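Visitor: Hello! Could you walk me through this structure, one question at a time?

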Amino acid sequence: MQATAFQFNNNSDRVTVTWTDNSNNETGFRIQRATDTAFTVGLTTSTVNANVTTFTSGNLPRGATYYFRVQAYNASGVSAWVNATPFPIITP
């Protein structure tokens with residue numbers, strides 16, 4: 001799995017994260033957003049189902065700094081976290 005694209009949607013206050021699904025046995029993906037690089041402050045975790053490769057956040061304040069990362073998971077375990085680029089993103 002590789003986080004490949006990351007953009008701010010100018011028509012709303014949302015960030016869209018997209019990635020490439022390189023796995024064939026995932027149960028789903030976890031997407032985390034935080035306001036620090038250690039993912040300990042302002043942490044929010046969301047999940048999507050297997051084979052989904054896009055996640056759009058809820059409304060976010062403009063002019064804020066966020067860090068996003070993605071992880072595949074299944075019953076056997078989890079993949080390494082992959083940071084979305086740019087890292088961080090600053091909402092316009």
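**A chain of strands**

Guide: Happy to! Read along the sequence, the protein chain follows the pattern β-β-β-β-β-β-β-β-β. Please keep in mind that this is a predicted model.

Visitor: How many helices and how many strands are there in the protein chain?

Guide: The pattern along the sequence is written with β throughout: β-β-β-β-β-β-β-β-β. The count for the protein chain is 0 helices and 9 strands.

Visitor: What share of the residues of the protein chain counts as buried?

Guide: A residue is called buried when its relative accessible area is under 20%. The protein chain has 92 residues, and the share of them that counts as buried is 36%.

Visitor: What share of the contacts with a separation of 6 or more comes from residues 24 or more positions apart?

Guide: Here we look at contacts in the protein chain with a separation of 6 or more. Among these, residues 24 or more positions apart account for 59%.

**The core**

Visitor: Which strand gives the most to the largest nonpolar core?

Guide: This core has 15 residues, and Val17, Trp19, Ile31 and Phe68 are those with the most contacts inside it. At least two residues each come from strand S2 (14-20), strand S3 (28-34) and strand S6 (65-74). With 4 residues, the strand that gives the most to this core is S6.

**Rings that meet**

Visitor: Why is the pair of tryptophan 19 and phenylalanine 29 stacked, tilted or edge-to-face?

Guide: A pair of aromatic rings is described by the distance of the centres and the angle of the planes. Planes under 30 degrees apart count as stacked, over 60 as edge-to-face and the rest as tilted. For tryptophan 19 and phenylalanine 29 the centres are 5.4 Å apart and the planes stand at 55°, so the pair is tilted.

Visitor: How many residues apart in sequence are the parts that this pair ties together?

Guide: Both tryptophan 19 and phenylalanine 29 are buried. Tryptophan 19 belongs to strand S2 and phenylalanine 29 to strand S3, so the parts that the pair ties together are apart in sequence by 10 residues.

Visitor: Which kind of aromatic pair do tyrosine 67 and phenylalanine 87 form?

Guide: Tyrosine 67 is in strand S6, while phenylalanine 87 is in the loop between strand S8 (82-83) and strand S9 (89-90), 20 residues apart. Centre to centre the distance is 4.9 Å, and the angle between the planes is 70°. With over 60 degrees as the cut-off, this pair is edge-to-face.

Visitor: Is phenylalanine 87 buried, partly exposed or exposed?

Guide: Its partner tyrosine 67 has 12% relative accessibility and counts as buried. Phenylalanine 87 has 30% relative accessibility, so it counts as partly exposed.

Visitor: Which residues form one aromatic cluster?

Guide: We have already met tyrosine 67 and phenylalanine 87 as an aromatic pair. The cluster is formed by Phe39, Tyr67 and Phe87.

Visitor: Over which ring does the charged end of arginine 69 sit?

Guide: Let us begin with arginine 30, whose charged end sits over the ring of tyrosine 73, 4.2 Å from its centre. The charged end of arginine 69 is 4.3 Å from the centre of its ring, and that ring belongs to tryptophan 81.

**Polar side chains**

Visitor: What distance does the polar contact between the side chains of threonine 45 and glutamine 32 have?

Guide: Threonine 45 lies in strand S4, and its relative accessible area of 41% makes it partly exposed. Along the chain, threonine 45 and glutamine 32 are 13 residues apart, yet their C-alpha atoms are separated by 4.5 Å. The polar contact that joins their side chains has a distance of 3.0 Å.

Visitor: Which backbone oxygen does the side chain of glutamine 71 reach?

Guide: Glutamine 71 is in strand S6. At 6% relative accessibility, glutamine 71 counts as buried. Its side chain reaches, at 3.1 Å, the backbone oxygen of serine 79.

Visitor: Is serine 57 buried or exposed?

Guide: Serine 57 has its place in the loop between strand S5 (54-56) and S6. Leaving aside neighbours within four places in sequence, serine 57 is in contact with Arg14, Val15 and Arg33. The relative accessible area of serine 57 is 2%, so this residue is buried.

Note on methods: Residues numbered from 1 in each chain as written. Predicted model: local features only at pLDDT ≥ 70, side-chain atom pairs only at ≥ 80, totals over all residues. Heavy atoms only, no water. Core = buried A, V, L, I, M, F, W, Y, C linked by side-chain atoms within 4.5 Å. Buried < 20%, exposed > 50% of the residue type's maximum accessible area, 1.4 Å probe, protein only. Phe/Tyr/Trp six-rings, centres within 6.5 Å; stacked < 30°, edge-to-face > 60°. Lys NZ or Arg CZ within 6 Å of the ring centre and 35° of its normal. Contact = heavy atoms within 4.5 Å. Polar contact = N/O pair within 3.5 Å; in protein donor to acceptor, adjacent residues only side chain to side chain.
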